[in-house]
Amino acid sequence: MRAWRVVRPGPVASNPLDWAEVPVPRPAAGEVLVEVLVCGVCRTDLHVTEGDLPVHRAGVTPGHEVVGEVAAVGAGVSGLAVGDRVGIAWLRETCGRCRYCLRGRENLCPASRYTGWDEDGGYAEFAVVPAAYALPLPEGYTDDELAPLLCAGLIGYHALKRAEVPEGGRLGIYGFGGSAHLTAQVAIARGATVHVMTRSEEARKLALELGAASAVAAAEAPPEPLDSAILFAPAGDLVPPALEALERGGTLAIAGIHLSDIPSLDYQRHLFQERQVRSVTANTRAEAREFLAFAGEHHLEVSTVRYPLDRADRALTDLAADRVNGAAVLRVS
């Protein structure tokens, strides 16, 4: 099969990816082999490719927003059969025994492993996944639309919960790419007023089309104080203005796996009056199923830009340059 591999982690302009012929993987016991139909392009893939995240598997195939069909099942697999449509997401494996797993917080498991970082992902024609981590897919969406739900949607949903938006509250969203444009719709469906701060003029237009109350430049102040905020842009210099925009008792959730350095904070301006900052670490399978069920009941508008699989390097280059309005997806066939 054909697959992309990260062989020289570094800036996308330095050609860190190789487009190679590799063996089709074989599912081990408890795993399924999935024929990839579409794979979303996530900013985390960019962090893996450019070396912002440490190398966990040399020559790894990125990609963790996979929509596909089961092509083969390993020994001991039940509940899945050849031909079933499934999704593969970022969280690939947890121990199931540690205190975090036992408390329902498997996303914090110290032994957790991730698709497209610890094991090969979906920038390929086939991928394997433990059957217990293959996700059911909601009806009413095209394959292109489903792919971003499997990480952009999931992590945004988890970030929204971490942000603790009060009923009828005011939510600020910083950055408006693949994840944010889905999260905004969920928040609006739940009754929140959403204000968007992002540097892209096209993204601001999309935010208003999707129902945001306002959309301004990234570092500008929203038109009213915020009860909660989510930072999707991997820019630490946006943390101070986001905190300053919060009302008393407000919460800022930082939704990225990687963030540039945060400037110095002024305690009175940014943190006093019980403002708080929370990080976001993946999501649990229970949350994934909860979000995908929500997406099945409340149709979300998913803005996608399609690339053929053999142009994944171009997709990542466009993502790095903020030329993707919505979510990029790789179409395998």
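Two strands count as paired if DSSP finds at least two bridges between them. Keep that in mind as you work through this predicted model.

**Exercise 1. Work out which strands S9 and S12 are, whether they pair, and how they run.**

Step 1: Find the strands. S9 covers residues 170–174 and S12 covers residues 226–231.

Step 2: Look at the bridges. There are 4 bridges between S9 and S12, and the cut-off is at least two, so the strands pair.

Step 3: Check the direction. S9 and S12 run parallel. For a spot to look at, go to Tyr-174, which sits opposite Leu-231 of S12.

**Exercise 2. Place that pair in its sheet and find the edges.**

Step 1: Write down the order. The open sheet has 6 strands, arranged S11-S10-S9-S12-S13-S14, with parallel pairing.

Step 2: Pick out the ends. S11 (214–216) and S14 (276–279) each have a single partner strand, so each has one side with no neighbour in the sheet.

Step 3: Follow the twist. From one strand to the next, it averages 20°.

Step 4: Add a helix. H5 (residues 201–209) lies across S10 (193–197) and S11, and its direction is at about 175° to S11.

**Exercise 3. Describe the largest nonpolar core and see how Ile-173 fits in.**

Step 1: Start with the general idea. Nonpolar side chains tend to be buried together in soluble globular proteins.

Step 2: Get the size. The largest nonpolar core here has 48 residues, and Leu-149, Ile-173, Phe-176, Ile-230 and Leu-300 have the most contacts inside it.

Step 3: See who contributes. Elements giving two or more residues are S3 (31–41), H3 (143–163), S9, H4 (178–189), S10, H5 and H8 (285–297). H3 supplies the largest share, 11 residues.

Step 4: Zoom in on Ile-173. Leaving aside residues up to four places away in sequence, Ile-173 touches Ala-180, Ala-184, Val-194, His-195, Val-196, Met-197, Ile-230 and Phe-232.

Step 5: Don't miss the other one. A second, separate core has 38 residues, including Val-70, Tyr-123, Ala-134 and Leu-330.

**Exercise 4. Work out how H3 and H8 pack.**

Step 1: Take the geometry. The helices pack at an angle of about 105°, and their axes are 10 Å apart.

Step 2: Name the arrangement. Angles of 65 to 115 degrees count as roughly perpendicular, so that is what H3 is to H8.

Step 3: List the residues that meet. On the H3 side, they include Leu-149, Leu-150 and Tyr-157, and on the H8 side, Phe-291, Leu-292 and Ala-295 are among them.

Step 4: Sort them by class. The H3 and H8 contact holds 8 nonpolar, 2 polar and 3 charged residues.

**Exercise 5. Decide whether helix H1 is mostly open or enclosed, and find what covers it.**

Step 1: Count the buried residues. In H1 (residues 43–50), 6 of the 8 residues are buried, so this helix is largely enclosed by the rest of the structure. They are Thr-44, Asp-45, Leu-46, His-47, Val-48 and Thr-49.

Step 2: Look at the cover. It includes S1 (2–6), S2 (17–21), S3 and H9 (312–320).

Step 3: Focus on H9. H1 and H9 pack at about 105° with axes 10 Å apart, and they are therefore roughly perpendicular to each other.

Step 4: Find the touching residues. Arg-43, Asp-45, Leu-46 and Thr-49 of H1 meet Leu-316, Leu-319 and Ala-320 of H9. By class, that contact has 4 nonpolar, 1 polar and 2 charged residues.

Step 5: Step off the end. Just after H1 comes Gly-51, with a positive phi of about 85°.

**Exercise 6. Compare the surroundings of two positive-phi residues that are not glycine.**

Step 1: Recall the background. Most residues other than glycine have a negative phi.

Step 2: Take Asn-15. Its phi is positive, about 55°, and Asn-15 lies in the loop between S1 and S2. With 51% relative accessibility, Asn-15 counts as exposed.

Step 3: Take Ala-282. Here phi is near 50°, also positive, and Ala-282 lies in the loop between S14 and H8. Ala-282 has a relative accessible area of 10% and is buried.

Step 4: Put them together. Asn-15 is exposed, whereas Ala-282 is buried.

Methods. Residues numbered from 1 in each chain as written. Predicted model: local features only at pLDDT ≥ 70, side-chain atom pairs only at ≥ 80, totals over all residues. Heavy atoms only, no water. Axes fitted to C-alpha atoms, helices over the stretch in contact; angles between N-to-C directions. Contact = heavy atoms within 4.5 Å. Core = buried A, V, L, I, M, F, W, Y, C linked by side-chain atoms within 4.5 Å. Buried < 20%, exposed > 50% of the residue type's maximum accessible area, 1.4 Å probe, protein only. Parallel < 35°, antiparallel > 145°, perpendicular 65-115°, else oblique. Nonpolar A, V, L, I, M, F, W, Y, C, P; charged D, E, K, R; others polar.
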